[in-house]
Amino acid sequence: MEFKVLPLPVDKMKDKIKDETQLGFGKHFTDRMLLVEWKRDQGWCEARIQPYAPFLLDPACLVFHYAQEIFEGLKAYKWADGRIALFRPEMNARRFNQSAERLCMAEIPEDLFLKGIEQLVALEQDWIPTAAGTSLYIRPTMIAVEPVLGVKPSEHYYFYVILSPVGAYYAAGFNPINIMVEDHYVRAVPGGTGEAKCGGNYASSLKAGLEAKKKGYDQVLWLDGREQRYIEEVGAMNMFFAYGTHIVTAALNGSILSGVTRDSVLKLAPFLGYTVEERQIDVNDLMADIRAGKVTEAFGSGTAAVITPVGNLCYKDECLQMTGGRVGEITQKLYDTLTGIQTGKVADPFGWVRFIE
């Protein structure tokens, strides 16, 4: 499918942020966006790259009433030699379609997903920041736009992609955060939509997150929705614990999102000389292991922040510190290597980088 590139009027061009240390995360957007439609009687059609602009949508659109909506997140990097790199975008395409299947939405051909993003990023490459820790965040999204009040799959979808030059996800940068284990609210249960990347999962997490912030914590660590006993995700990240050189993370169980960075850590860690294990992690056993000094480091992983070190873990009335509140050696090594691969400073032994021609 060919993408029609609509003209970008000069008066529609935005001023770029001159001080890249002030980008923040997800606050600024580029001049153009990609839009492709799916209609039941036509399939994927009307593919175009157009000036960034609001949608004019009918108030009865299904997305507003029954939440048929999914999204992804990935990044583009401009290397020192001028090449533009994407990190494992095919995994985002596949997970996007897994989410679409779970929410009964139209699945998009992987080639269409990838080529659309590549062409859009190529056109907007001047927006890619190059300061340390910055990148161009890519947000593919699909929404149901059929105007009907009925609980059913839509017959009309918008697949669109917007771009945002970003700095560090956390304002404090690469520093340990404080985590509260949530033992009242639950994020998801097996059989639900926890392993799909849909907005409803994030909306339902807001209340616990806000309550945690009021208590001085940075993020919430979720327990399973059945017994509220087993570790699942932390905020919007997957969670890892290091027992010396042995790294443990929760096994995928139908309610945990299969993170691209999670998968990358599980493949990279053995390459760096560490062992990895996916298993159920009982929160009570975990706290006992931290007290005993068996758990030496903890960190989260996700596209936005890549690797986030955890300094303190608090459950019920007990707060335990790891690595003396500093960034652990394994956490630092994984962060440096992953970000190095993404930005071209470290050789890519896995073939994870995809260049935009």
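# Cysteines, a helix pair and selected residues

The sulfur of Cys-104 lies 12 Å from the closest cysteine sulfur, which belongs to Cys-198, and that is too far for a bond. The model described here is a predicted one, and it holds one disulfide, which is formed elsewhere in the chain by Cys-314 and Cys-319. The points below begin with the cysteines, then turn to the packing of helix H6 with helix H8, and end with residues in loops and in a strand.

**Cysteines and the disulfide**

- A disulfide is a covalent bond between the sulfur atoms of two cysteines.
- In this structure Cys-314 is joined to Cys-319, with an S to S distance of 2.1 Å, which meets the requirement that the two sulfur atoms be within 2.5 Å.
- The torsion about the S-S bond of Cys-314 and Cys-319 is about 115 degrees, and the disulfide is therefore right-handed.
- The two partners have their own accessibility classes: Cys-314 is buried at a relative accessible area of 3%, whereas Cys-319 is partly exposed at 45%.
- Cys-45, by contrast, takes part in no disulfide, and the nearest cysteine sulfur, that of Cys-61, is 15 Å away from it.
- Cys-45 is buried, with a relative accessible area of 10%, while Cys-104, with 49% relative accessibility, counts as partly exposed.

**Packing of helices H6 and H8**

- Helix H6, which covers residues 260-271, packs with helix H8, which covers residues 329-343, at an angle of about 110 degrees and with the two axes 11 Å apart.
- Angles of 65 to 115 degrees count as roughly perpendicular, so H6 is described as roughly perpendicular to H8.
- On the H6 side the contact is made by Thr-261, Ser-264, Val-265, Leu-268 and Ala-269, and these meet Leu-334, Thr-337 and Leu-338 on the H8 side.
- Sorted by class, the residues in the contact of H6 with H8 are five nonpolar and three polar, with no charged residues.

**Two buried loop residues**

- Thr-134 lies in the loop between helix H3 (110-123) and strand E7 (135-144), and this residue is buried, with a relative accessible area of 10%.
- The side chain of Thr-134 reaches the backbone oxygen of Ala-131 at a distance of 2.6 Å.
- Once its neighbours within four places in sequence are left aside, Thr-134 is in contact with Glu-20, Leu-23, Tyr-77, Pro-129, Val-166 and Gly-167.
- Ile-256 is placed in the loop between strand E13 (246-249) and H6, and Ile-256 is buried as well, with a relative accessible area of 3%.
- Although Ile-256 and Asp-224 stand 32 residues apart along the chain, their C-alpha atoms are separated by 9.2 Å.
- Not counting residues up to four places away in sequence, Ile-256 touches several others, among them Arg-187, Glu-195, Glu-232, Glu-233 and Asn-238.

**Positive phi values**

- Most residues other than glycine have a negative phi.
- Gln-228, a residue other than glycine, has a positive phi near 50 degrees; Gln-228 is found in the loop between strand E10 (219-223) and strand E11 (231-234), where it is partly exposed at a relative accessible area of 25%.
- Val-306 also has a positive phi, with a value near 70 degrees; Val-306 belongs to strand E16, which covers residues 306-315, and is buried, with a relative accessible area of 6%.

How values were computed:
Residues are numbered from 1 along each chain as its sequence is written. This is a predicted model: local features need pLDDT of at least 70, side-chain atom pairs count only at pLDDT 80 or more; totals for chains, interfaces and linings use all residues. Side-chain values use heavy atoms; hydrogens and water are left out. Buried means under 20% relative accessible area, exposed over 50%, partly exposed in between (1.4 Å probe, protein chains only). Axes are lines fitted to C-alpha atoms, for helices over the stretch in contact, and angles run from 0 to 180 degrees between N-to-C directions. Helices (H or I, at least four residues) and strands (E, at least two) are DSSP runs, numbered from the N terminus. Angles under 35 degrees count as roughly parallel, over 145 as roughly antiparallel, 65 to 115 as roughly perpendicular and the rest as oblique. Contact means heavy atoms within 4.5 Å. Ala, Val, Leu, Ile, Met, Phe, Trp, Tyr, Cys and Pro count as nonpolar, Asp, Glu, Lys and Arg as charged, and the others, Gly among them, as polar. A polar contact is a pair of N or O atoms within 3.5 Å; within protein, one must be able to donate a hydrogen and the other to accept it, and residues adjacent in sequence count only if both atoms are side-chain atoms.
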